[in-house]
Amino acid sequence: MSEDHSIEKKKLLVLLGPTAIGKTNISLNLAKQYHCEIISADSMQIYRHMNIGTAKASSDELADIPHHLIDICEPDQSFSVSDYQQLATQAIDDIHNRGKLPFIVGGTGLYIQSVCYEYEFTEGGADEAFRLEQRQYAELYGAEALLEKLRLVDPETAQRLHSNDQRRVIRALEVIHLTGITMSEQLRLQKRSSPYQLCLIGLNMDRQLLYARIEQRIDLMLEQGLVEEVRQLMNRGFTESMTSMQGLGYKEMVTYLQGKLSYDEAVYLLKRDTRHYAKRQLSWFRRMKDINWIDLSDSTKNSENLNIIHDIIAGKFMINNEYTWIQRES
């Protein structure tokens with residue numbers, strides 16, 4: 001008889017979903033119920049000084065529930081998925097050692113998968129001459145032409161990248177150049193078992209409702225001072241060539257502040273590109289396995305949906321009737 005080792009695995013709760021769907025409010029509720037500490041899985045919230053455009057939790061919310069991997073980098077620092085994987089794994093171990101439940105929350109699919117399934121990346125080092133050649137190509141023919149180069153050799157990776165994200169487009173081309181293996185193929189070769197006892201919860205809703213929420217969030221960001229936040233970043237010397245400044249909300253407002261777009265044009269592009277990003281996020285998550293999906297389309301069922309989430313967690317982890325997480329006897 002084969003021995004069941006799942007009891008020996010550390011528990012890991014994960015809440016994922018597209019931008020603006022409402023992950024923050026649900027995660028804070030769950031974190032209180034299950035004595036969690038939250039590990040952000042958002043590739044933009046790692047940056048300091050970038051609060052409005054990344055929709056970070058408020059200072060009160062951050063003080064109420066311990067959060068990890070937020071505000072850990074300056075906007076001009078490089079940060080890779082392997083960096084995230086290492087820091088998140090360390091955070092999981094630390095949280096467990098203090099008797100709490102680690103809780104990954106976010107929408108960056110590769111970050112989440114890299115931790116949940118212990119991905120190993122064959123990155124093959126660096127070739128600065130190759131990178132320079134690709135940057136020159138983009139300057140000569142445009143960012144979309146550079147993305148088209150990637151689309152020809154690795155369409156899956158190209159689909160999840162934006163042409164403005166030049167650093168990651170070039171890196172994807174460089175990986176093929178150095179290793180002969182595309183990033184998408186690397187992902188397919190990864191282990192599909194997890195070192196953790198996983199409970200994955202995904203949030204979804206009617207597409208048009210989600211798009212309306214996205215537009216409402218962007219309107220709120222603009223009211224809160226997104227343009228001024230971007231202006232201050234530019235005054236600090238952070239430029240549009242940096243990965244951080246290619247994030248949604250930042251690249252559009254940089255272009256506006258440079259006088260290359262009108263305000264209305266910048267807002268239109270921001271809303272359009274954010275809708276496209278949410279669609280790509282959902283496409284990514286649908287390729288993941290073992291996700292328990294919750295449909296948030298009907299706001300009158302919020303309490304019912306929360307009870308369903310509690311039941312899902314109860315079915316995966318041993319908890320009592322008051323929804324307080326307890327350690328399973330080993």
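Which residue stands opposite Asn292 in S6? Ile201 does. Before you go there, some ground rules.

This is a predicted model, where local features need pLDDT of at least 70, side-chain atom pairs count only at pLDDT 80 or more, and totals for chains, interfaces and linings use all residues. Residues are numbered from 1 along each chain as its sequence is written, and side-chain values use heavy atoms, with hydrogens and water left out.

**Stop 1: the sheet.** Select the six strands (DSSP E runs of at least two residues, numbered from the N terminus, as are helices, H or I runs of at least four). They form an open sheet in the order S3-S2-S4-S1-S5-S6, with parallel pairing. Strands pair if DSSP finds at least two bridges between them. S3 (67–68) and S6 (291–295) are the edges; each has a single partner strand, so one side of each lacks a neighbour in the sheet.

**Stop 2: S5 and S6.** Select 196–204, strand S5. S5 pairs with S6 in the parallel sense over five bridges.

**Stop 3: helix H1.** Select 23–33. H1 lies across S1 (10–16), S2 (36–41), S3, S4 (101–106) and S5. H1 runs at about 175° to S4 (axes are lines fitted to C-alpha atoms, for helices over the stretch in contact, meaning heavy atoms within 4.5 Å; angles run from 0 to 180 degrees between N-to-C directions).

**Stop 4: helix H10.** Select 207–224. H10 gives seven residues to the lining of the second largest pocket, the largest share. Helices H1, H2 (59–64) and H14 (302–316) also give two or more each. A pocket is an open set of points on a 1 Å grid over the protein atoms alone, where a 1.4 Å probe fits, with protein on both sides within 12 Å along at least five of seven lines; lining residues have an atom within 4 Å of a point.

**Stop 5: the pocket centre.** Select Gly22, Thr24, Asn25, Arg213 and Arg217, which lie nearest the centre among the 32 lining residues.
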